[in-house]
Amino acid sequence: EGEGKAKRVKGTKKKEKKKKIEISLWINKTKYEFGLLCTFCAKLPAVCHCVECPDFYCVSCDINAHATKKRKDHIRNALSKLDLNAAARLVTFAVRYHGKLKTLQRECRKVFRRCFDKKTLNYYYFNPIYRTVSWRKPYCIRKEELFPFFTIPYAASKIQNLYHLWKAREKSRIELHRQYKKIFDRKNRMFYYAFNGESKLLPRQSWKKPKLLGKRAFPRDLIPIFTIDVAALTIQRKWRAILIRKFLCTLVRASYDEVWDPVTGTFTYFHRETEVLYKEKPKLLRNEAWDPNRIPDWTMDQVSLFLRRIGLKKFVEIFRAYEVDGQALVLLDHEDYENMRIFNKVLMKKVTVEMNKLYKRTGKELRGEEHGRKRERIRRQKMFHAAASIIQKRFRIFRAKKELILKRDIKRIMLAKEKMEQHVAKSNIWWTENENVPSKHLPTNFDTNPEIVGLKLPPIKNFGRHRSYVSFRGWGRRGDGLKSDFQVTATAEEEKLIVDVMHPTVRFSERLRLTGYDERRMDKFIKQKQ
């Protein structure tokens, strides 16, 4: 019985291995085979499939079945006339043809150049390899341009394509993270990729990562499953990165020299090989100090770290309470230690010994401290002169702006004064004496009538108790108002024209002309002369 069970288990395993991937045709979630017959007549091959029925129909059965009102609006999908092999051949041929055409066009655009002819106002195409010129563009370009002109629709399509590509890449990235897992193999000491998707065409495990991860849109790999081995690898990589960084920083410090500039009061960096002086520190050092063992440049955190390294962890809180940094640590003596309630002289000596191992004061530094005050004076004097020049420049600009504003205000006031004087001078003249009155420039029949050639109209009466006057309502005479003083008999269009004219002198002279006042005065004048 045991042997029979073992044989059965082996047989099942063999059967599972012999399973093959099957590819079938589906339409509207229904499976069908190529050359399927109509479900009604079962004689002719099916042409379409109805989504709502759901059945396969030939041409005649489709017309008969969907002739009624209920089935008239059913959606039918046409079946392909090609089997799987023929369709695959067409698709592969189209893809290869399109790819080769695109590569040929790309190479053609690299070689050919498009130039403009000013005489004919047309473009011609130049091949620099064979040095030939042609009015026709290369045949592989077809209907496209060698270098397309950017129009608004073309630019919009380019932007849309880029956006769709970005969206597709985002979706593919999400699907890759969802369907793939990166796992570490301890035996081979390598990562492999496990596929958990539904597709049967892709391998379940592979040493190679998916092709899409190696492209430009996916520079980073998948995050591996966090295990003990992966944690050990990450720690090793981090430690190696720290060591490499330290090595590079030592190379930078070996190739540069730090030089103190007494004028600017800052450090400059001199490269030994190129002999170039730089004002800024090399970027590889970032925020690190130039000399990490230089104790006067240490901060409180670095001092506490130094005490921990030499085994004086209990003094860290005391040094922090007194805010001891690197510069204060160098200047500490026995009295300072006693003030901090540290009476063990052995520990004091230990601190000084460890400090001397790291940092030794040279003679140059001692001499530099002696001349530090002189350098500081020179630097402050230079800064004072620079600040004074900047202040003077700003004050002169401010003074010039104020003078310009004052001149503009004076000019504006003078112009306003001249306009006011002109207005006052014009306001003292009666409207009859003003030359801008429109009634004085109206066309008359003086030149055409031979009886009155050379004659002039008498002046309008501008004296007496009922003479004309101007008010906020316009020109008029003493009485109840403009409407009662001037009885105008004019048409609606003329009345509208008068109202539209806003100046009172123009309005009054137009009313006089319409009522015939000038003509009556002219007739009266002619009769007196006769």
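**Figure 1. Asp-229 and Arg-186 join their side chains in a salt bridge.** In this predicted model, the nitrogen-to-oxygen distance for the pair is 3.0 Å. The two partners come from distant parts of the chain, 43 residues apart. Asp-229 belongs to helix 5 (residues 228–255), while Arg-186 sits in the loop between strand 9 (180–185) and strand 10 (190–195). Have a look at the surroundings of the arginine too: Arg-186 is exposed, with a relative accessible area of 58%.

**Figure 2. A salt bridge connects Glu-144 with Arg-109.** Here the side chains meet at 3.1 Å, N to O. This is another link between distant parts of the chain, with 35 residues separating the partners. Glu-144 lies in the loop between strand 8 (132–134) and helix 4 (152–179), and Arg-109 is found in helix 3 (residues 84–111). Glu-144 counts as partly exposed because its relative accessibility is 35%. Arg-109, at 23% relative accessibility, also falls in the partly exposed class, since buried would require a value under 20%. Widen the view a little and Lys-102 joins in: Lys-102, Arg-109 and Glu-144 make up a network of salt bridges.

**Figure 3. Arg-412 and Asp-409 form a salt bridge within helix 12.** The N to O distance for these side chains is 3.7 Å. Both residues belong to helix 12 (residues 372–427), and because they are three residues apart there, about one helical turn separates them. Arg-412 is exposed, at 53% relative accessibility, just as the cut-off of over 50% asks. Asp-409 has a relative accessibility of 31%, so this residue counts as partly exposed. For the wider context, the model holds 16 salt bridges by the rule used here.

**Figure 4. Strands 9, 10 and 11 make an open antiparallel sheet.** The sheet has three strands, in the order 9-10-11. Strand 9 and strand 11 (205–206) are the edge strands, and each of them pairs on one side only. Between strand 10 and strand 11, the antiparallel pairing runs over two bridges. If you would like a residue to start from, try Tyr-193, whose bridge partner in strand 11 is Ser-206. Helix 4 packs on this sheet and touches both strand 9 and strand 10. The direction of helix 4 makes an angle of about 45° with that of strand 9. The loop between strand 9 and strand 10 also takes us back to Figure 1, as Arg-186 is located there.

Terms used. Residues numbered from 1 in each chain as written. Predicted model: local features only at pLDDT ≥ 70, side-chain atom pairs only at ≥ 80, totals over all residues. Heavy atoms only, no water. Salt bridge = Lys/Arg side-chain N within 4 Å of Asp/Glu carboxyl O. Helix = DSSP H or I, 4+ residues; strand = E, 2+ residues; numbered from the N terminus. Buried < 20%, exposed > 50% of the residue type's maximum accessible area, 1.4 Å probe, protein only. Pairing = 2+ DSSP bridges. Contact = heavy atoms within 4.5 Å. Axes fitted to C-alpha atoms, helices over the stretch in contact; angles between N-to-C directions.
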